[in-house]
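Q: I have this one open and want to go through it piece by piece. Can you take my questions as they come?

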Amino acid sequence: MTNALEISDLVMHFGPVRAVDGVSLTIPRGGVTALVGESGSGKSTVGKCVVRLLKPTSGTVRIGGVDVTSLTRRQLRPHRSTVSIVFQDPAGSLDPRMLVGDVVAEPLRLSSSRISRAERQRRVDESLGQVGLRSEVARRYPHELSGGQRQRVSIARALISKPSLLIADEPTSALDVSVQASVLNLLADLQRDIGFACLFITHNLSAVEYLADEIAVMYLGQLMEKGTRSQIFSGPAHPYTQALLAAAPVADPVAQRARTPVLLGDDLPSALDPPSGCRFRTRCPLAFDKCATEVPPHVKIGNGEAACHLVQADGTRPDVRAGVKQ
Amino acid sequence: MTTSTAGARAGTKILEVADLSVSFVTESGNVSAVDHVTLDLAPGEIVGVVGESGCGKSVTAMSLAGLLPRSARVTGSVRLRGTELIGAPETSLRRVRGKEIAYIFQEPMTSLNPVLTVGRQIGEVLQVHERLSRKAVKARAIELLSLVGIPSAARRVDNYPHQLSGGMRQRVMIAMAVACNPTVLVADEPTTALDVTVQAGILEVLRDLRDRLGTSILIITHDLGVIADIADRVVVMYAGRVVERAPVTSLFARPQHQYTHGLLNASPTPGRHAGTDRLQEIPGLVPVLSKQPDACTFADRCPAASDTCRGSAPGLSALGSPDHLVACWHPVEAT
């Protein structure tokens, strides 16, 4: 059985900016993988390469076994319906002059298969129903809806072509906590019912905990660690993953204040001139000589892997807190 | 002049806000943003104001030093060390802004002037309030930059904002805010635009300022994790009103308002959802109110709402301990 998505050695350079520098990732059919990283890590660029809004500099992207890396616009058309994307800001990704019904129907209108007007109408109603919106919403404009409703419209548009892969690029980051919860629940329900595979791109580790099967942690254009959800949350191997988890505050004052803070400093190095060796070494409290000279290999641990000189295949892993000055 | 409870404790409080209401006259009619908000701040205390977009938390913050536009109608009382600020003339408010009450805003890039060096911008407030010489201003600017944890401050002082990372820019904003050693620092979503690893550093700076300079901090945020990390006391706002006010540990351990309870359950927290695969939702939306009704504004979204809730507005009252106040007819049972 083919995988829903296979990315191998993906590289995307914008002139001298090395936004993505060798990322490999596989999502099985119906699987959910979260791609987590800070702003500037290149996670959204990976998403854009997958839907081919960008043409990768090198590497391959396979969707359902088909290599789409270097297809032309015309050649891509038949494959457009197999992968959809939901963007962060629903206000910016919905055309303000189009009725919601037309927004949602557009992927069908653009697909090569001929669909009758009545059938299109039926599919729009069905798609809006799936995301919990009434069919009357089809006759409204995006500005008449709330932020959460607009994001539901984006999801309806993404799912109307029945894709086998959904790219969700920070779909809840622009929303309030209570609305965020309902959109996350909706995505989880739809994913379970319809069974599409999903690449969930986010900077918020806690938002993915109950949605993702696997988590990939990205830093400055490269993957630092990959693993199952429980592996990443209960036993993160890479110092960066550990620092990221330690930095996210928990909503419990007693537990939060008892934690050892791990402060990395503010400066993410420039993607124009990334550090030699391990890219995380300039902010890593545990960095030593070898980190500057040798690129750490991806070491397999359990079902995942981590790229750090201190991680060994037998399960030996560093503790980033050991390097923190008290 | 103000309520008797506020007067009785005046000795221990730096800032006292009582019955603050703000409404705006807009093209589409009147909008009530803040309704009878009462809160206070003791010396060296960090108070968190938490709520979703549109709950009035930023408007409350802006009204403290009279930063709202002319279209705002502000009533009630804001007292700084006993001096009333609401209705005070512009000349005396100018002496308060930056010197007594200083602000940090969410997006450092839009709050900083891109064509001036950060040293010049930090210096501006010093020139206005302290009338220092040019040389002294620069020396103080360097001192402030190192205070907020910017390495090689002597070099950074001549940088322009675009040469700094997001976290550095927010540190510069903090340096500007504390330049005149303000009594009260109002931080309005200071870490929302930043990554978690950078956020941790900024919160550390704020805590450090409180410890070293004794600054009282009012931190406005929608992030319960930030509140849990830094606040001593918490004010929960919903649709313009304070719905719950409590010490931080008490609020998180025993949330009493149905809204606070829902908000806590809706926030994804690492480890807390290990067993479940759903987040609790709060159905519906934060209402936009033209007039504050004599009813609980959360009633339409509340699982426990009754006719009482729709017929009269609950006042803040203590349920268990005297410092844990809640405005709810059907508070969550203490467990």
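Q: Which residue in β2(B) does E16(B) stand opposite?
A: E16(B) faces D40(B) in β2(B). This is a predicted model, so treat the pairing as computed.

Q: How do the two strands run, and how many bridges join them?
A: β1 (residues 15-26) and β2 (residues 29-41) of chain B are antiparallel, with 9 bridges between them.

Q: And how many residues lie between them in the hairpin?
A: The hairpin formed by β1(B) and β2(B) has 2 residues between its strands.

Q: What does UniProt list for residues 15-264 of chain B?
A: The UniProt record, an unreviewed entry, gives "domain: ABC transporter" for that stretch. In the model, residues 15-264 of chain B are 40% helix and 28% strand. The C-alpha atoms at the two ends of the stretch are 28 Å apart.

Q: Helices next. What is the reach of α5 in chain B?
A: Helix α5 of chain B covers residues 118-130, which is 13 residues, and spans 18 Å from first C-alpha to last. That is close to the 18 Å expected at 1.5 Å a residue.

Q: Which residues of α5(B) are buried?
A: V118(B), G119(B), Q121(B), I122(B), G123(B), V125(B) and L126(B) are buried.

Q: What do they pack against?
A: The buried residues of α5(B) pack against three helices of chain B: α6 (134-147), α7 (153-156) and α8 (166-177).

Q: What follows α5(B)?
A: R131(B) comes after α5(B), and its phi is positive, near 50 degrees. Most residues other than glycine have a negative phi.

Q: Where is R81(B), and what is its phi?
A: R81(B) sits in the loop between β4 (72-80) and β5 (83-84) of chain B. Its phi is near 45 degrees, which is positive although R81(B) is not a glycine.

Q: Why does R81(B) count as partly exposed?
A: Because R81(B) has 13 C-beta neighbours inside 10 Å, and partly exposed means over 12 but under 20.

Q: Over to chain A. What about phi at E170(A)?
A: E170(A) also is not a glycine, and its phi is positive, about 50 degrees. E170(A) lies in the loop between β7 (165-169) and α7 of chain A.

Q: Is E170(A) buried or exposed?
A: E170(A) is buried, because 20 other C-beta atoms lie within 10 Å and 20 or more is the cut-off for buried.

Q: How is chain A divided?
A: Chain A has domain 1 (5-212) and domain 2 (244-326). Their centres, taken over C-alpha atoms, are 30 Å apart.

Q: How many residues are in contact between those domains?
A: 8 residues of domain 1 of chain A are in contact with 7 residues of domain 2 of chain A. On the domain 1 side, β2 (17-27) and α8 of chain A each give two or more residues. The largest share comes from β2(A), with 3 residues. By class, that side of domain 1 of chain A has 4 nonpolar, 2 polar and 2 charged residues.

Q: How many residues does the contact take from chain A and from chain B?
A: The contact takes 36 residues from chain A and 39 residues from chain B. On the chain A side, α7 (177-194), α8 (205-208), α10 (239-247) and α11 (253-258) each supply at least two residues.

Q: Which gives the most, and what are the classes on that side?
A: α7(A) gives the most, 7 residues. The side of chain A that touches chain B has 22 nonpolar, 8 polar and 6 charged residues.

How values were computed:
Residues are numbered from 1 along each chain as its sequence is written. Chains are lettered from A and ligands numbered from 1 in the order in which they are written. This is a predicted model: local features need pLDDT of at least 70, side-chain atom pairs count only at pLDDT 80 or more; totals for chains, interfaces and linings use all residues. Two residues are in contact if their C-beta atoms, placed from the backbone, lie within 7 Å. Helices (H or I, at least four residues) and strands (E, at least two) are DSSP runs, numbered from the N terminus. Ala, Val, Leu, Ile, Met, Phe, Trp, Tyr, Cys and Pro count as nonpolar, Asp, Glu, Lys and Arg as charged, and the others, Gly among them, as polar. UniProt positions are given in the numbering used here, feature names are shortened, and annotations may be inferred rather than shown by experiment. Domain bounds come from an automatic or database domain assignment. The expected span of a helix is 1.5 Å times one less than its number of residues. Two strands pair if DSSP finds at least two bridges between them.
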